[in-house]
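Work through the exercises below with the sequence and the 3D structure at hand. Each task is followed by a solution in steps.

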Amino acid sequence: MDSAVLVVDVSAVVMTAQSPIKRCFMMLCYIAAGLLASGAWQGYLTIADPHRDDLFEPSGARSLTFTLEHIPRALTARNRQIVISLSARQLDLYEGDTVLLSYPVAIGQDEWQTPTGNFIVQTLRENPVWLHPITDEPVGPGPDNPLGSRWIGFWNDGRNHVGLHGTNQEELIGEAVSHGCVRMKDADIQQLYSYVSLGTPVQVVP
């Protein structure tokens with residue numbers, strides 16, 4: 001009985017002696033996880049002039065949240081990147097150095113240029129509800145909805161939103177006609193939507 005007590009006592013002493021090292025190791029793990037999460041979720045946000053374009057009703061949207069359960073998806077998203085060239089009016093989806101998909105896009109007009117810089121996907125929404133920018137009247141999913149069937153948001157200032165979305169005016173793809181957002185053919189954004197996740201990097205270049 002005494003020997004059993006002695007074993008327990010010795011084990012406790014060993015654990016106590018190692019606890020500072022273990023605490024340092026755990027702290028390093030938390031710091032590393034925090035940096036990875038910060039890099040995957042926050043990116044290096046370049047804030048341009050806020051543009052109000054194609055606002056959508058946010059209820060039901062999948063928003064970026066800071067919980068450990070999102071770390072695997074966020075890290076996976078880092079292998080893929082959306083690159084939008086405003087001058088070429090083209091969007092490329094990269095996986096590493098390989099271009100997986102390419103699409104023509106419409107971009108912001110002169111007075112409402114699409115912001116350039118490095119962003120991340122912040123919200124994903126299927127069949128979004130569009131709010132009229134003046135009357136705030138909602139327009140539900142369907143042929144009259146200027147957002148099409150998908151929304152991929154990558155910039156907002158709390159009220160104004162900029163993102164990728166479908167359109168009910170596909171004849172304008174390739175033009176500079178939006179109020180900041182990047183418009184895509186509805187079939188194209190449906191395909192792109194299946195390849196991206198919250199935290200996927202978005203780079204917009206002139």
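**Exercise 1: A charged residue in a strand**

Asp92 lies in strand β3 (residues 90–95). Helices (H or I, at least four residues) and strands (E, at least two) are DSSP runs, numbered from the N terminus. This is a predicted model, in which local features need pLDDT of at least 70 and side-chain atom pairs count only at pLDDT 80 or more, while totals for chains, interfaces and linings use all residues. Residues are numbered from 1 along each chain as its sequence is written, and side-chain values use heavy atoms, with hydrogens and water left out.

Task: Describe the surroundings of Asp92, starting with the side chain of opposite charge that is nearest.

Solution.
- Step 1. Asp92 is buried, where buried means under 20% relative accessible area, exposed over 50%, and partly exposed in between (1.4 Å probe, protein chains only).
- Step 2. Lys and Arg count as positive and Asp and Glu as negative; His and the chain ends are not counted. The nearest side chain of opposite charge to Asp92 is Arg89, 14 Å away.
- Step 3. Asp92 has no salt bridge, a term that stands for a side-chain nitrogen of Lys or Arg within 4 Å of a carboxyl oxygen of Asp or Glu.
- Step 4. The side chain of Asp92 does make a polar contact of 2.9 Å with that of Gln90. A polar contact is a pair of N or O atoms within 3.5 Å; within protein, one must be able to donate a hydrogen and the other to accept it, and residues adjacent in sequence count only if both atoms are side-chain atoms.
- Step 5. Leaving aside neighbours within four places in sequence, Asp92 is in contact with Gln81, Ile82, Val83, Val99, Leu101 and Ser102. Contact means heavy atoms within 4.5 Å.

**Exercise 2: The salt bridge**

Task: Which side chains meet in a salt bridge, and how many salt bridges are counted?

Solution.
- Step 1. Side chains of opposite charge can pair when their charged atoms come close.
- Step 2. The count comes to one salt bridge. Arg80 and Glu95 form a salt bridge through their side chains, at 2.7 Å from N to O.
- Step 3. This pair links distant parts of the chain, with Arg80 in strand β2 and Glu95 in strand β3, 15 residues apart.
- Step 4. Arg80 counts as partly exposed because its relative accessibility is 24%. Glu95, at 36%, also counts as partly exposed.

**Exercise 3: Buried or exposed?**

Task: Place Ile84 and Leu198 in the chain, and decide whether each is buried or exposed.

Solution.
- Step 1. Ile84 belongs to strand β2 (residues 80–85). Its relative accessible area is 0%, so Ile84 is buried.
- Step 2. Beyond four places in sequence, the contacts of Ile84 include Gln90, Leu91, Leu164 and Val182. Val182 is 98 residues away along the chain, and the two C-alpha atoms are separated by 8.8 Å.
- Step 3. Leu198 sits in the loop between α3 (186–193) and β14 (201–205). With a relative accessible area of 8%, Leu198 is buried.
- Step 4. From Leu198 to Phe154 the C-alpha distance is 9.4 Å, with their positions 44 residues apart in sequence.

**Exercise 4: Positive phi**

Task: Where in the chain are Arg89 and Asn127, and what are their phi values?

Solution.
- Step 1. Most residues other than glycine have a negative phi.
- Step 2. Arg89 has a positive phi near 55 degrees and is in the loop between β2 and β3. Arg89 is partly exposed, because its relative accessible area is 27%.
- Step 3. Asn127 has a positive phi of about 50 degrees and is in the loop between β7 (123–126) and β8 (130–131). At 38% relative accessibility, Asn127 is partly exposed.

**Exercise 5: The chain and its confidence**

Task: Summarise the chain, then state where pLDDT is under 50.

Solution.
- Step 1. The chain has three helices and 14 strands. Of its 206 residues, 39% count as buried.
- Step 2. Among contacts between residues at least 6 apart in sequence, 68% join residues at least 24 apart.
- Step 3. pLDDT is the predictor's confidence in each residue, from 0 to 100. Its mean over the chain is 73, and 62% of residues reach 70 or more.
- Step 4. Over residues 1–18 pLDDT stays under 50, and the model has one contact beyond four places in sequence for them. Residues 35–72 are also below 50, but this stretch has 103 contacts in the model beyond near neighbours in sequence.
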